[in-house]
Amino acid sequence: MADVTAWQRTSPLAALFYLGKVYQAIARNAFQSLAPLAAFVVAYKGDPLQSLLVGGGLFVAVTFVLAFLNYWFFRYRILEHSILIRQGVLKKKQLDIKFDRVQALSTEQNVVYRFFNLLTVTFDTAGSSGQEGYLPAVRPEVSTALAACIRRTSAAAGAEVGRTQKPEPLVRLDIGDMVRIGLSSGRVFLLLLLLGPLGEYVSEKYGERLEETAVIETLGAIQIGFAAGIAFAAVVAFVVVLVLAGVSITAALLRYHRFELFADDEVLRSTGGLLTRHENSVHRTKVQSLHVTQNVMLRFFGRFRLGARQASSGKASAGYSFVVPLCRREELTKLSDEFFPREFAGLALDPRSPSFMHISPWYLRSRILLAGVLPAAGSLLLLWRTEGAVALLALLWIPLAALGVLQVYRRYGFMCRKDGMAFRSGFTGFRVVAWLHRKVQRVTVTQSPFQRRKHLATVRLHLAAGPAVKIPFLEYDTAAALRDYVLWRVESSQRAWH
Amino acid sequence: MFENSEIALDELPGAESLAWRPLDSRYVPRLQIDALITTAVIAVIVLAVQYAPLPIDIRWRSWVPWLLLPAFGLSLVLWPLLSVPRKAYALRDKDLFYRSGVLWQSVTAVPFNRVQHVETSSTPLDRLFGHAALQVFTAGGSGGDLKISGLPADVAEKLRLFILEKAGADLEHG
C-alpha cells in the first residue's frame with residue numbers, strides 16, 4: 001500500500017468528477033445564464049449553427065480545462081487525527097477535517113471508476129450543512145485507511161473496536177423490492193406533473209402540423225363510438241402510467257440494486273447501486289433522529305422507508321444522511337435498536353402502534369375554523385353580490401375542510417418514554433420521527449390566544465438535524481411537564497449528543 | 001443492564017416559578033425611535049415614488065399612502081408598549097429561559113450544555129442607549145437560536161461570560 005501520510009495526488013480521472021461538478025453547477029445556475037444567452041441569440045446576425053458549434057466547442061474546452069486544473073491543484077494528506085485537503089485553482093483552500101468530527105464516510109463508484117478500481121470518498125461532518133470534504137478518484141485502500149482512522153478515533157472516544165469479518169446484513173433488498181420502491185416513489189407523480197405542461201406545449205406547438213399528417217387524417221376519418229373513445233383514453237392513460245412506473249423502477253434499480261445494510265461496530269453501512277455503486281456509513285452515536293414514512297403505496301405493500309438524520313450546523317437540511325429505502329414491520333424494531341442501542345426501549349417506530357397518544361381534540365375546532373369556516377365565509381361575502389344564492393355553494397367547503405382536519409388530527413400522535421420520544425403525523429400516509437431526549441438542543445413552548453383560553457400549548461423540540469419537531473395542541477400541563485422532563489434529561493445526561 | 005425505573009414528574013425542577021428578569025426600561029423608547037426612523041424612510045420612499053417620472057400614473061390615489069402611513073407608524077410606535085413588558089429572561093444553574101410574544105406567547109429554554117457559542121452585538125442606536133443583544137447558538141439551527149435584545153450592555157456581557165463558562169464546564173465534565 002502507498003504511504004498515505006505524505007501529500008498525495010488523486011488519479012487524473014478525478015477530472016471526470018470535477019467535470020460532473022462543473023456541469024452540475026451550470027445546471028443549478030442555468031436560470032441566471034438564460035437571459036444573456038437569449039439576448040445573444042436574438043442579437044446574433046450570423047449563421048446560428050456555426051455560432052452554436054463554436055460556442056459549444058469553446059464551452060466544452062473551458063470546462064475540460066477547468067476540470068483538469070481542479071485535479072492538478074488537488075492534494076490530500078492523511079494524518080493521525082485528521083485529513084488535510086488542499087484545493088482550488090484561483091482561490092486556494094486548505095481543509096483540516098478532524099476524524100472525530102466525521103459523521104459519515106461515503107464512497108461512490110461510477111462505471112468508469114469501477115473499470116479502473118477507483119472510488120470517490122466523501123465526508124459528512126457536524127460543522128457543515130452538507131458534505132464537507134471529498135477525495136475523487138482514489139484507490140479503495142485510501143478509503144479503507146480512512147475508515148480505519150475514523151474507527152480508531154471513535155474507539156479512543158469510548159466506542160468498541162474489533163471487526164474482523166463481514167457481518168450478516170440487517171436488511172437485504174431483492175428485485176421485488178426494487179419494484180416496490182419504484183411504485184411507491186413520488187417520482188411517478190412528479191413526472192406526471194412535469195409531463196402535463198410539456199404535453200400542452202407540444203400540442204400547442206406541433207398540433208396544427210400533426211393534424212395535417214396522414215395518420216391523423218386517417219384516424220379522424222374513422223368514426224369511433226363513445227365507448228371506444230373511453231376505452232382508447234383508458235389505454236393511453238394505462239400506457240402512460242406503465243411507462244412512468246417503468247422509469248421509476250429503473251431509477252430504483254440504478255440507486256438501490258443489491259442494497260444491503262450492515263451493522264459494523266459503531267458504524268452502520270449500506271451498499272447498493274447498479275451502475276454507480278454507493279457505500280454510505282453512519283456512526284450510530286451521530287444519529288440525531290430517525291424518520292419512518294409510509295405512503296399509500298408502501299401501506300399497500302406493508303413496507304416502510306427509514307431515514308436517519310445527522311447533525312448539521314448550517315441551514316436545517318430537509319434531506320436524510322442515511323436511508324433504508326424499504327423495510328418490513330418486524331425490521332423496524334431491529335433497526336431502531338441498531339441506531340439507538342439500549343436507549344430505544346418502549347419506543348415504537350411503527351405508526352400503527354397503540355402506544356401513540358392523541359393531541360387535544362380542541363385542535364379540530366381551531367383548524368376547522370381557520371381552514372374551513374373563515375375561507376368559506378370570506379368567499380361567500382365576496383361572491384354574494386355578483387353570484388347571489390350560488391355563492392352559498394362556498395359553504396360546501398366547510399365539511400370538506402372538516403374531513404381533512406379530522407384526518408390530520410387522527411394521524412397526530414406522540415409517545416414519551418424514559419429515554420426518548422416519537423411523534424406521528426401525516427394525511428394519506430404516515431410519518432413518524434423518533435429521537436432521544438439527550439439529543440435535544442432547546443425547547444420552546446408556545447401558546448396562541450385560543451390555546452391560552454383552553455389551557456393548551458404547542459411544544460417545539462429542536463434537534464441538531466432537520467427542522468424542529470412541533471407537537472401541537474397538548475394540554476398545557478403536559479407541555480410544561482414534557483419541557484421540564486426533557487430539560488432535566490439533557491442537563492443530567494453524561495453522554496454526548498453527537 | 002436494562003433499567004426502567006419510574007420517574008416522579010412532580011420532583012423534577014419545574015419552570016413555572018421562575019424569577020423573570022425584565023429587559024431594560026429604556027428599550028421601549030429605543031424601539032419607538034426605531035419605529036419613527038422606519039416610518040420616515042417609508043415616507044421618503046413614497047414621496048420619491050409620487051414625484052418620480054414613472055411610466056404609469058399613480059398620482060390619482062396619492063392620498064392612500066398618507067392615510068395608511070400615520071396608522072402604520074402609530075402602530076409601530078405603540079407596539080413596544082405591549083411587547084417589551086412581555087419579554088423577559090430567567091437564568092438557572094443549567095439553562096436560560098426567554099419569554100416573548102403578545103398574541104402568540106412563547107417560552108424558549110436553552111440548556112447550557114447544548115450551547116455552541118454565544119455572541120453579543122449592538123447597533124449604533126443600541127450603543128446610544130447602552131444596549132446590546134445576546135445571541136445563543138445551539139447545533140443545527142440557522143442564525144441565532146435565541147436572541148435577547150434590549151439588555152443593558154454590561155448585563156449582556158456578564159451573561160455571555162457566564163453562559164460560556166457554564167458551557168465550557170459542561171464540555172469538560174461531559
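**Notebook: helices, a sheet and one alanine**

I began with helix H11 (residues 329–339) of chain A, which lies across E11, strand E12 (303–310), E13 and E16 of chain A and runs at about 145° to E13(A). Helices (H or I, at least four residues) and strands (E, at least two) are DSSP runs, numbered from the N terminus. Angles run from 0 to 180 degrees between N-to-C directions, and axes are lines fitted to C-alpha atoms, for helices over the stretch in contact. Two residues are in contact if their C-beta atoms, placed from the backbone, lie within 7 Å.

I noted that this is a predicted model, in which local features need pLDDT of at least 70, side-chain atom pairs count only at pLDDT 80 or more, and totals for chains, interfaces and linings use all residues. Residues are numbered from 1 along each chain as its sequence is written, while chains are lettered from A and ligands numbered from 1 in the order in which they are written.

**The sheet**

I looked up the strands under H11. They belong to an open sheet of 6 strands in chain A, with the order E13-E12-E11-E16-E15-E14 and antiparallel pairing. Two strands pair if DSSP finds at least two bridges between them. Strand E13 (322–328) and strand E14 (413–416) are the edge strands, each pairing on one side only. Neighbouring strands are turned by 15° against each other on average, direction ignored.

I then checked E11 (residues 287–294) and E16 (residues 430–436), which run antiparallel and are joined by 6 bridges. A:Gln294 stands opposite A:Phe430 in E16(A).

**A helix pair**

How do H12 and H13 of chain A pack? I found an angle of about 150° between helix H12 (residues 362–387) and helix H13 (residues 397–411), with their axes 9 Å apart. That makes H12(A) roughly antiparallel to H13(A), a word used for angles over 145 degrees. Among the residues that meet are A:Leu364 and A:Ile368 in H12(A), and A:Trp397 and A:Leu406 in H13(A).

**One residue in chain B**

I looked up B:Ala133, which is in strand E6 (residues 131–138) of chain B. Is B:Ala133 buried or exposed? I found B:Ala133 partly exposed, because it has 18 C-beta neighbours inside 10 Å; 20 or more other C-beta atoms within 10 Å would count as buried, 12 or fewer as exposed. B:Gly150 is 17 residues from B:Ala133 in sequence and 6.2 Å from it in space, C-alpha to C-alpha.

Note on methods
Angles under 35 degrees count as roughly parallel, over 145 as roughly antiparallel, 65 to 115 as roughly perpendicular and the rest as oblique.
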